[in-house]
Amino acid sequence: MSRIAVPQPVLAFGIALCVVGCGFPMGGSDVGPSRSKGPRVVTTVSMVTDLVREIGGDRIEVIGLMGEGVDPHLYKPTTRDVKEVSRADAVFYCGLMLEGRMQDVLEKVRAGGKPVHAVTESIDAGRLRSPGAFAGHHDPHVWMDVALWSDCVETVVRRLSELDREGHTVYRSNGDRVRGELAELDSYVREVIGTIPERRRVLVTAHDAFGYFGKAYGIGVRSAQGISTESEPGVHDINRLVDFLVERRIAAVFVESSVPASNVRAVVEGAAGRGWRVEIGPSLYSDAMGAAGTYEGTYIGMIDHNATAIARSLGGRAPERGRLGLLAESIPASDSGG
Amino acid sequence: MARGIRTPRTAAPNAARRRRRVMFGVMFGVMFGVMSALIVPRAGVARDGVARDGERIESHADGPADASSLHDPFVRVITLSDHNTRVVLLGTMALGASGGVIGVFMLLRKQTLVGDVVSHAALPGVAIAFLAMEWIEPGTGKSLPGLLVGAALSGIAGVLCVQAIGRWTRVKEDAALAVVLSVFFGVGIALFTIVQRLPSGNAAGLAHFIYGKAAAMKADDVWFIGGAAMLAVATCAALFKEFRLVAFDARFAAVQGWPVAVLDSVLMGLVVLICVIGLRSVGLLLVVAMLTVPAAAAQCWSERLATMGVIAAMFGAFGAGLGVAISAAVPRVATGATIVLCGSAVFLASLAVGTRHGLVWRFARAARREASSMPSAEEGHPGQGGP
Amino acid sequence: MRASNGAAARTGPDDGRSEPSPLSIRDLTVAYHLKPVIWDIDYEAPSGRLIAIVGPNGAGKSTMLAACLDLIPRTTGEVRIFGRPFRSQRGRVGYVPQRESVDWDFPVSALDVVAMGLYHRIGWCRPVTRRYRREALAALERVGMAEFASRQIRQLSGGQQQRVFLARALAQDADLYLMDEPFAGVDAATELVIVDLLRDLRSSGKTVLVVHHDLQTVEEYFDEVVLLNMRLVAAGPVEQVFTPQNLRKTYGGRLALLDRVGNRFTFGPGE
């Protein structure tokens, strides 16, 4: 008479799961070419990864934890992430509470003496947004303002130089190059957004990621969820957004690659219920960039895609394939009359 | 023998019963009609007198919409003038009503926690379905039907594990429920850390299965939820006497030749159905509340099974409706949570003032007995009949 | 006085009747997890009699009933109801389970419980119509519970609940009744009602097997008795089989009880 502790099917199921889980191909982690020498730098969000990689160049090895389509507000570090962080020579993260669930890990590692830097650390607090709904915290989506993000270049250059004195000149020259590229990007965005007819210049997205974008380039912003995707909108919030769409005659709303589209779709349906048709524009990159290895998988490509998509969908003028004609898919122009 | 004595039930004329059946059918039809009328978006004239063409609108940098241009939110809720409110209302009320009916049967069989097991055990199924679909064809991971099928299968697997543990080990049922619930849920969370690293993982909104996103309900969702809810209620109505027999005396049912295991499975299937449709609205953590709270509240009002079912359905629908109304009137309040809170308020009220053993009446009766100096009638004498 | 040891004894009034025995058990063994509960049971019930099944606690009496009704699997042996397997004879068997096997807090009225005996005639998915309610009420009248028809079962006393169970079995209108301790924990009035009912059934030609716990009333109420203690000790007419010797074999060392019974026991005339 045998008494089994755990039913065998469950046990087998659990073991199989662990095995499969370990072997599953990860799209997320973004490991650069491995180097035998050179500092090992771990970064969190893909925008930070791109920035550090551009500035560090071949001298450093960059390992990004969050890849394409990952939502940094909700991201919980795995054991592997923690191991990477502890093996790294330095850690760069965005800061301003973007990586909400990783704060503990980062604090612990910093307390252990490792160089852990927020790329936004030297941004003057006066330039940051502090929307009331976020209870005193700053809006972390600073990369949406290209000029503001450009200010982070200096921080990265300085910190990398601290880490690796010999590479100082390389980092400095890379930094200058990047700043130049970003300046060009900034003027492109300003230009195309400026072509959107004024009465249609409102950007409605899934969550409040584009605050800095709106402030810098003169376009209104509204969203369903708040600053962080951790909060869920109630019926009232959805209704308010529907009101906004109908009253302001918004022609297009945008979904984001790292956030579920359900809220946006519900809002569109609500507007349709009031007789106002809203298009769903192309997916924007808000908290994560595109696939690694593609143009959209770089910071410049991400912003280029966003600006082009927004401009064309709201009735502005912009090249079909972005600033340099490098976008993977051509963005359709808006054809709704209003 | 006293042949002249008739019970109230047998004395009721056939006409009354036929009338009741007709009313039931009419009610279903009306509900269906109302559902279609309210959900289908109206094309054409925009509401609120906002003109369609040619108006210049200043764009604000990022200021809030001008509050005075909106109607008072309470009025809008009461007049059901928002499409989204209507949609969410219908969907959650259908869920609440069907959850109440099924919950009554689960309550009587003392299996209320099985609903909890099903909903928590559904989590790994969602993750596995996502991973499987991504493996087979990348990009299709977030196909909703696939995810719901995964959830259903996983939920059923959880229940089967509970039964297996109960049958082959020394572990008692309540411990088995707790073990299976936590193990499956833990596996699900672990799988989600894999999912969150995949490109379309977050966009699939898998985390929303845990907390639900009632406010983002669309018309399609309501058709699905409404259809499933009606199927569940219709099955319960058709198999009412069979379910009642099996719940009361399964041995007798088996001797009479009723397939007890099949009937159990059908009821379990209905529980899984409710959990699945509740996953997307109130989320898996709170779905068990939709099954248990209205039924428990209904117990305070009636002792007849059929009446309990109807009352539970009403309480479930009402709690859901009130919750949605509050979420529509007050900003920044999650809809799933308000629904459960309203349902709980109904339950507490029922505990207090319900006609069956309500606390208020018990206190009143005790006080009256204290006040009167007569000795009370002999204890154990059968009390008055129920409603 | 003769002890019969497991040999099949048919002493029904019509020996030459063509209809097979209402309950015919051959070589029945039931085991839970390799531990046998009853074994090697051979028995044929005579028709139209009131038969008591007695034995100590744990003797397997309820198990025997359950095995006959396909409620538990048989390890070996076969059971025939009126010559056919139970499956095909469900309509001819009425069952009264033990009162504790049910939760009497369940929200259902006495009439509803009795109507459950009619469900197999009503069929799937159909409601209980007035006609069936009338039949159920008639069954309640037979046990003297007509005025409690709409009362919730939790408000009934033990004896009343037992009567409701009996009414449910009556509603089944069977030819063979199997009852599991119907006299347990009932008041005197109910006991009289039950005995009257059993005698009514016998005079209509029904066969009733009753698991009975009270040795002192076996001779008074029943025609035949089956002495069971995991094996069949003896079976047959009460006068022949209900002897101190057989009782000692059945109950083992419970001498105090046996002596009390033995004192009351008188040898029948002519034995």
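Student: In which helix of chain B is B:Arg368 found?

Tutor: B:Arg368 sits in helix 16, residues 359-371 of chain B. Keep in mind that this is a predicted model.

Student: Is B:Arg368 buried or exposed?

Tutor: The label follows from relative accessible area, where over 50% means exposed. B:Arg368 has 57% relative accessibility, so the residue counts as exposed.

Student: Which residues gather with B:Arg368 on the surface?

Tutor: B:Arg362, B:Arg365 and B:Arg369 join B:Arg368 in a surface patch of positive charge.

Student: Which residues form a nonpolar patch on the surface of chain B?

Tutor: B:Val149, B:Leu153, B:Ile156 and B:Leu160 form such a patch, and together they have about 370 Å² of accessible area. One of them, B:Leu153, belongs to helix 6, residues 144-168 of chain B. B:Leu153 counts as exposed because its relative accessibility is 55%.

Student: How many helices and strands does chain B have, and how is its surface made up?

Tutor: Chain B has 16 helices and zero strands. About 18,000 Å² of chain B is exposed, with 68% supplied by carbon and sulfur atoms. Of its 387 residues, 50% are buried. Among contacts in chain B with a separation of 6 or more, 73% come from residues 24 or more positions apart.

Student: What are the corresponding values for chain C?

Tutor: Chain C has ten helices and nine strands. Its accessible surface is about 11,400 Å², and carbon and sulfur atoms hold 47% of that. Buried residues are 55% of the 271 in chain C. Of the chain C contacts between residues at least 6 apart in sequence, 68% link residues at least 24 apart.

Student: What does B:Ser281 contact beyond its neighbours within four places in sequence?

Tutor: The contacts of B:Ser281 include B:Leu95, B:Tyr211, B:Lys213 and B:Met217. B:Ser281 lies in helix 12, residues 260-281 of chain B, and is buried at a relative accessible area of 1%.

Student: How should I read a salt bridge?

Tutor: Side chains of opposite charge can pair when their charged atoms come close. In this structure, B:Arg280 forms a salt bridge with B:Asp221, and their closest N and O atoms are 3.3 Å apart. B:Arg280 is in helix 12 and B:Asp221 in helix 9 of chain B, so the pair ties together parts 59 residues apart in sequence. B:Asp221 is buried, with a relative accessible area of 14%.

Student: Which residue does C:Arg121 pair with in a salt bridge?

Tutor: The partner of C:Arg121 is C:Glu135, with 2.7 Å between the closest N and O atoms. C:Arg121 lies in helix 3 and C:Glu135 in helix 4 of chain C, so this pair ties together parts 14 residues apart in sequence. C:Arg121 counts as partly exposed at 36% relative accessibility, and C:Glu135 counts as partly exposed at 28%.

Student: Which residues do shared salt-bridge partners join into one network?

Tutor: The network consists of A:Arg40, A:Glu61, A:Glu84 and A:Arg87. Within this network, A:Arg87 bridges to A:Glu84, with the closest N and O atoms 3.7 Å apart. Both residues lie in helix 3 of chain A, three residues apart, which is about one turn of the helix. A:Glu84 counts as buried at 15% relative accessibility. Over all chains, the structure holds 37 salt bridges.

Technical notes. Residues are numbered from 1 along each chain as its sequence is written. Chains are lettered from A and ligands numbered from 1 in the order in which they are written. This is a predicted model: local features need pLDDT of at least 70, side-chain atom pairs count only at pLDDT 80 or more; totals for chains, interfaces and linings use all residues. Side-chain values use heavy atoms; hydrogens and water are left out. Patches are made of residues with over 30% relative accessible area and no salt bridge: like charges are joined within 9 Å, nonpolar side chains (Val, Leu, Ile, Met, Phe, Trp, Tyr) within 5 Å. Accessible areas come from the Shrake-Rupley method with a 1.4 Å probe; for residues, only the protein chains shown count as cover. A salt bridge is a side-chain nitrogen of Lys or Arg within 4 Å of a carboxyl oxygen of Asp or Glu. Lys and Arg count as positive and Asp and Glu as negative; His and the chain ends are not counted. The place of a charge is taken as NZ of Lys, CZ of Arg, CG of Asp or CD of Glu. Helices (H or I, at least four residues) and strands (E, at least two) are DSSP runs, numbered from the N terminus. Buried means under 20% relative accessible area, exposed over 50%, partly exposed in between (1.4 Å probe, protein chains only). Contact means heavy atoms within 4.5 Å.
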